[in-house]
Amino acid sequence: MRLLLPLLVALAATGCATKYQSSGIAGGFTETRLSENTWRVAFRGNALSKSDRTDDLAMLRAADVALQHGYGFIKVQSAKTTTSTVTSSMPTYTTVQGQATTTGNRTNFRANAYTIGGDDSDEIVTSTLLVSAYKEKPGGDSDIYDARFLCESIGKKYDATCQVR
């Protein structure tokens with residue numbers, strides 16, 4: 001929890017949704033190779049990431065992985081987007097500042113109270129794809145994507161670069 005709080009404060013201060021990066025405390029991608037040409041790819045956002053971003057960055061990662069392994073095309077076999085709620089708690093702290101002014105028999109007191117802390121909940125979106133990769137575009141299937149095109153188009157949209165060998 002001591003590490004999570006500074007991270008959440010930093011994210012709130014910078015206003016940044018999760019970047020295209022390997023998974024860490026602030027989100028990112030993971031992949032698992034299931035067969036020679038099949039991967040499960042996931043992208044987890046942070047509290048500022050919306051599902052369209054996590055969907056796009058999961059697709060970018062799928063294209064990136066395919067290209068890294070010598071494949072030029074991908075087919076999404078299944079796609080799933082999930083949302084989970086993360087709640088963090090900070091101790092509540094209240095500070096009171098005041099000023100008293102006395103004139104004769106009369107005293108005026110003016111005060112301001114500030115409270116910080118408490119509970120905070122955030123929605124975290126994860127997009128998961130099951131993809132198959134192909135060296136050449138299979139005929140007769142319109143749901144095949146060109147991996148290089150995806151890297152260029154989605155990469156440009158999010159200022160991200162595929163790590164093609």
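Start with the whole protein chain in view: its radius of gyration is 24 Å, whereas a compact globule of 165 residues would have one near 15 Å. Keep in mind as you look around that this is a predicted model. Along the principal axes, the C-alpha atoms fill a box of roughly 95 × 25 × 25 Å.

Now colour by secondary structure. You should find 3 helices and 5 strands. Walking along the sequence, the pattern reads α-β-β-α-β-β-β-α.

**Stop one: the sheet**

Select the strands together. The 5 of them make an open sheet, ordered S1-S2-S4-S3-S5, with antiparallel pairing. Which strands stand at the edges? Pick residues 28–35 for S1 and 144–146 for S5: each has a single partner strand, so one side of each has no neighbour in the sheet. Turn the view to look across the strands, and you can follow a twist that averages 25° from one strand to the next.

**Stop two: where S3 meets S5**

Select residues 73–103, which make up S3; 3 bridges join this strand to S5, and the two run antiparallel. To see one such pairing, show Ile74 and look in S5 for Tyr145, its bridge partner.

**Stop three: helix H2**

Next, select residues 51–68. This is H2, which packs on the sheet and touches S1, S2 (38–44), S3, S4 (106–134) and S5. Compare its direction with that of S4, and you will find an angle of about 40°.

How far does H2 reach from its first C-alpha to its last? The span is 25 Å for 18 residues, close to the 26 Å expected at 1.5 Å a residue. Switch on a surface and see whether H2 is mostly covered or open. It is mostly covered, with 15 of its 18 residues buried. For comparison, 33% of the 165 residues in the protein chain count as buried. Just after the helix, click on Gly70, which follows H2 and has a positive phi, near 85°.

**Stop four: helix H3**

Select residues 147–157 to bring up H3. This helix lies across S3 and S5, and runs at about 65° to S5.

**Last stop: the whole chain again**

Zoom back out and show the surface of everything. The protein chain exposes about 10,500 Å², and carbon and sulfur atoms supply 50% of that area. Finally, display the contacts in the protein chain with a separation of 6 or more: residues 24 or more positions apart account for 71% of them.

Terms used
Residues numbered from 1 in each chain as written. Predicted model: local features only at pLDDT ≥ 70, side-chain atom pairs only at ≥ 80, totals over all residues. Heavy atoms only, no water. Pairing = 2+ DSSP bridges. Helix = DSSP H or I, 4+ residues; strand = E, 2+ residues; numbered from the N terminus. Axes fitted to C-alpha atoms, helices over the stretch in contact; angles between N-to-C directions. Contact = heavy atoms within 4.5 Å. Rg over C-alpha atoms; globule rule 2.2 N^0.38 Å. Buried < 20%, exposed > 50% of the residue type's maximum accessible area, 1.4 Å probe, protein only. Areas by Shrake-Rupley, 256 points an atom, 1.4 Å probe, with all protein chains shown as cover. Expected span 1.5 Å × (residues − 1).
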